[in-house]
Amino acid sequence: TLKDEIQNNTIWCGTFQLIWNDLKNDLAKQDITFTPQKQIVKNLNEETFTTKDISEKYYYKRVGTPSIQLKEEIEKAIKEKFNEKSEILDGFDWNKKSKEDYFLYVMLKKEFQFKKEFAELEDENFGNYENVKYFGIRKDNKNAELRNQVEVLYYNSKDDFAIKLKTKQEDEVMLCKNPKGNTFNEMYQNINQEKNNYSGSKVLEEKEILKVPNIKVNQKTEFEEIENEPFLFENGDRYLIEKALQTIQFDLDKKGGKIKSEAGMMINKADLLLGESREFAIDNTFAIFLKEEGKDNPYFAAKIDDITKFQ
């Protein structure tokens with residue numbers, strides 16, 4: 001969740017939170033409680049990301065009794081809505097399931113483009129890493145339309161700043177160098193607080209550079225820490241999470257970006273036993289957030305230190 005403490009090279013997307021919300025509100029009808037309770041479960045119960053934070057046209061969600069028919073229904077739906085195939089459905093056991101078992105699924109897909117394509121810059125260093133690919137704006141580029149795609153949120157130094165890249169769509173790409181905070185939520189709140197207190201220039205002036213690393217993410221995660229732990233529905237029925245999977249694919253380059261994320265959970269009924277010219281170069285540890293304009297929370301976040309893991 002946005003409230004979990006994170007390490008470097010951590011990525012997050014709101015898809016798993018969406019199906020957890022359905023588990024809690026529509027199935028269990030109460031907070032999910034393990035014995036002993038886990039902090040990750042407490043954070044999930046707080047619903048820091050909901051369907052209010054992402055437009056319905058960008059996600060598909062389904063809850064049902066697990067069966068081959070349900071799997072085929074989901075596959076057909078995501079093909080029709082997103083022209084996509086699932087990378088997680090085959091990872092679940094669909095056979096010999098009870099009518100009292102449940103499967104929860106969501107896919108989120110979004111693409112955005114910059115109004116004007118940024119320049120492909122020379123490969124340079126990122127911290128201690130060499131030959132890193134970048135895009136951005138060179139010092140001698142006077143194109144006002146290109147520079148207007150960049151909004152300065154705040155600037156304290158070349159190693160402490162945040163910017164926003166505007167897109168053709170409603171998406172805002174927020175980039176923060178050396179973010180402050182132990183969770184994505186803290187980082188995001190600190191960015192907004194600094195932005196509100198900042199009185200300097202909000203535009204990328206002539207002769208100021210922009211340098212952003214290309215990003216390529218393809219991650220699949222099984223949340224084993226919440227599997228096979230008994231918890232109760234409001235009616236007293238005991239359930240287990242048999243399997244919980246999430247994928248996140250995210251690309252960012254000079255043209256724009258795209259994200260696809262899936263999450264799925266198989267839930268089984270349990271046996272009772274159980275002043276100077278500024279420099280905006282994202283060339284070291286940074287955080288990135290994607291949110292829809294007018295929405296309160298981001299739908300994607302990443303903190304990146306080792307850029308070689310994301311290119």
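What is the order of the strands in the open sheet of four strands, and what kind of pairing does the sheet have? I take that up in point 1; the rest are notes I made while going through the model, which is a predicted one.

1. The open sheet. Its four strands come in the order 4-7-11-16, and the pairing is mixed. The edges are strand 4 (119-120) and strand 16 (279-281), each of which pairs on one side only. Strand 11 (residues 209-213) and strand 16 run parallel and are joined by three bridges. If you want a place to start looking there, L210 stands opposite F280 in strand 16.

2. Helix 3, overall. This one covers residues 68-82, so to speak a plain case: 15 residues, reaching 21 Å from the first C-alpha to the last, close to the 21 Å expected at 1.5 Å a residue. Its buried residues are L70, K71, I74, A77, I78 and F82. Looking down the axis of helix 3, you find these buried residues within an arc of 130 degrees, so they line one face of the helix. Note that a lysine, K71, is listed among the buried residues of helix 3.

3. Helix 3, both sides. What do the buried residues of helix 3 pack against? Strand 2 (59-64) and strand 3 (102-113) are the partners. Turned away from the buried side of helix 3 is a face that carries the exposed residues Q69, K76 and E80. Just past the end of helix 3, N83 takes a positive phi of about 55 degrees.

4. Backbone angles to check. Most residues other than glycine have a negative phi, and most peptide bonds are trans. Against that background, here are a few spots for your list. E47 has a positive phi, near 55 degrees, and is not a glycine. The loop between helix 2 and strand 2 is where E47 lies, and with a relative accessible area of 22% E47 is partly exposed. K207, also not a glycine, has a positive phi of about 75 degrees. K207 sits in the loop between helix 5 (184-197) and strand 11; its relative accessible area is 57%, so K207 counts as exposed.

5. A cis peptide. Which peptide bond is cis, with omega near -5 degrees? The bond from T35 to P36. P36 is found in the loop between helix 1 (15-28) and helix 2 (39-45).

6. Aromatic pairs. The whole structure yields 22 aromatic pairs in a search. Take W12 and F49: their ring centres are 5.7 Å apart and their planes stand at 85 degrees, so this pair is edge-to-face. The pair links distant parts of the chain, with W12 in strand 1 and F49 in the loop between helix 2 and strand 2, 37 residues apart. Both partners are buried: W12 has a relative accessible area of 9%, and F49 has 0%. For F250 and F300 the centres are 4.3 Å apart and the planes are at 40 degrees, so that pair is tilted. F250 and F300 are both buried too.

7. An aromatic cluster. F34, Y102, F231, F233 and Y239 form one cluster.

8. N8, ahead of strand 1. N8 lies in the segment before strand 1 (10-13). Is N8 buried or partly exposed? At 37% relative accessibility, N8 counts as partly exposed. Not counting residues up to four places away in sequence, N8 touches T285, K303 and D305. With K303 there is a polar contact between the two side chains, at 3.0 Å.

9. T183, ahead of helix 5. You'll find T183 in the loop between strand 10 (171-177) and helix 5. T183 is buried, with a relative accessible area of 5%. The side chain of T183 reaches the backbone nitrogen of E186 at 2.9 Å. Leaving aside neighbours within four places in sequence, T183 is in contact with L2, K3, D4, E5 and I6.

Key:
Residues numbered from 1 in each chain as written. Predicted model: local features only at pLDDT ≥ 70, side-chain atom pairs only at ≥ 80, totals over all residues. Heavy atoms only, no water. Helix = DSSP H or I, 4+ residues; strand = E, 2+ residues; numbered from the N terminus. Expected span 1.5 Å × (residues − 1). Buried < 20%, exposed > 50% of the residue type's maximum accessible area, 1.4 Å probe, protein only. Arc of directions from axis to C-beta. Contact = heavy atoms within 4.5 Å. Pairing = 2+ DSSP bridges. Polar contact = N/O pair within 3.5 Å; in protein donor to acceptor, adjacent residues only side chain to side chain. Phe/Tyr/Trp six-rings, centres within 6.5 Å; stacked < 30°, edge-to-face > 60°.
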